[in-house]
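Trainee: I should like to learn how pockets, ligand contacts and backbone features are read from a model. Could we take them one after another?

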Amino acid sequence: MDMLIALATLPAAPALPGPHIRKPIGPEHELLIAWIAHHFTPAWASEARAALANRPLTLFIATRGDPSELLGFCSYDATARSFVGPIGVLDTARRTGIGSALLLACLHDMRAMGYGYAVAGAVGAPDFFRHVASAIDIPDSTPGIYAGMLRAPSAAP
Ligand SMILES: CC(C)(COP(=O)(O)OP(=O)(O)OC[C@H]1O[C@@H](n2cnc3c(N)ncnc32)[C@H](O)[C@@H]1OP(=O)(O)O)[C@@H](O)C(=O)NCCC(=O)NCCS
């Protein structure tokens, strides 16, 4: 199911005491893509690659320390224009506000880019999107733009 998010009424992005929310710079791109493929899926790594090719790039990361440790990422305009996601936080760092901060960083960036609404596609954690961004369900949105998508052989039904 896809979900719709109104960007005109977003809550402010929270200031986290520890993690740093920012866009990655060039030397980090390949490490980031490999990290996403390792912790999440090759398809999400492919979407991150698309977001990193956008100008300005449309992906935020959460990092901690120096040298930085990656804690999570969120992209937009990666699956399709106006779509937000994928989003992922390291399992050991969840439920500490990082996912909210990443999602809201992307949504505020989309608002600044001129979008009025964002679509969260094929949502896997709908309550997270409802809670953080007041997302609402889009009826009859499955399979939506994902119909007939190329899939890795191991992921085929
Ligand atoms: C979904 C995800 C990004 C949330 O990241 P997070 O850093 O844990 O999120 P936050 O700590 O900012 O949570 C904010 C609120 O969302 C809710 N929430 C968080 N994860 C949730 C989940 N998986 N399901 C339902 N609600 C969730 C909680 O109510 C939380 O509020 P609380 O702090 O009052 O408990 C993370 O769980 C994740 O990476 N999951 C695996 C990948 C995934 O499913 N991505 C989404 C695909 S659409």
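Mentor: Let us begin with the second largest pocket, whose lining comprises 6 nonpolar, 2 polar and 3 charged residues. In this classification Ala, Val, Leu, Ile, Met, Phe, Trp, Tyr, Cys and Pro count as nonpolar, Asp, Glu, Lys and Arg as charged, and the others, Gly among them, as polar. This is a predicted model, in which local features need pLDDT of at least 70 and side-chain atom pairs count only at pLDDT 80 or more, whereas totals for chains, interfaces and linings use all residues. Residues are numbered from 1 along each chain as its sequence is written, and side-chain values use heavy atoms, with hydrogens and water left out.

Trainee: How is a pocket found, and which residues line the second largest pocket?

Mentor: Rolling a probe the size of a water molecule over the atoms shows where empty space is left. A pocket is an open set of points on a 1 Å grid over the protein atoms alone, where a 1.4 Å probe fits and protein lies on both sides within 12 Å along at least five of seven lines; lining residues have an atom within 4 Å of a point. Here the second largest pocket is lined by Arg22, Glu28, Leu31, Leu32, Trp35, Ile61, Thr63, Pro67, Ser68, Glu69 and Leu70. Two or more of its lining residues come from each of helix 1 (29-39), strand 3 (59-64) and strand 4 (69-76), and helix 1 gives the most, with 3 residues. Helices (H or I, at least four residues) and strands (E, at least two) are DSSP runs, numbered from the N terminus. The volume is about 170 Å³, taken as the space filled by probe spheres set on grid points joined across faces, edges and corners.

Trainee: What volume has the largest pocket, and which element gives the most to its lining?

Mentor: The largest pocket holds about 1300 Å³ of space. Its lining has 46 residues, and Trp44, Pro86, Ile87, Ala122 and Gly124 are those nearest its centre. Strand 5 gives the most, with 7 residues. Helix 2 (42-53), helix 3 and helix 4 are also among the elements that supply at least two residues each. By class, this lining has 26 nonpolar, 14 polar and 6 charged residues.

Trainee: Which pocket does the ligand take, and which residues come nearest to the ligand?

Mentor: The ligand takes the space of the largest pocket; a molecule sits in a pocket if more than half of its atoms lie within 2 Å of the grid points. A residue is near the ligand if one of its heavy atoms lies within 4 Å. There are 18 residues around the ligand, and Val89, Arg95, Gly97, Gly99 and Ser100 come nearest. Strand 5 (83-89), helix 3 (98-113) and helix 4 (126-133) each supply at least two residues of this shell, with helix 4 giving the most, 4 residues. The shell has 8 nonpolar, 7 polar and 3 charged residues.

Trainee: Which polar side chain has an N or O atom 2.5 Å from an oxygen atom of the ligand?

Mentor: A polar contact is a pair of N or O atoms within 3.5 Å; within protein, one must be able to donate a hydrogen and the other to accept it, and residues adjacent in sequence count only if both atoms are side-chain atoms. The side chain in question belongs to Ser100. A polar side-chain atom of His131 lies 3.4 Å from a ligand oxygen, and a backbone N or O atom of Ile87 lies 3.0 Å from a ligand nitrogen. The protein buries 73% of the 880 Å² that the ligand exposes when taken alone, by the Shrake-Rupley method with a 1.4 Å probe (for residues, only the protein chains shown count as cover).

Trainee: Where is Arg95 in the chain, and what is its phi?

Mentor: Arg95 is in the loop between strand 5 and helix 3. Although not a glycine, Arg95 has a positive phi of about 65°. Thr96 is placed in the loop between strand 5 and helix 3, and a polar atom of its side chain lies 2.8 Å from the backbone oxygen of Ala93.

Trainee: Which peptide bonds are cis?

Mentor: One cis bond joins Arg55 and Pro56, with omega about -5°; Pro56 is in the loop between helix 2 and strand 3. Another runs from Thr142 to Pro143, with omega near 10°, and Pro143 is in the segment after strand 7 (136-137).
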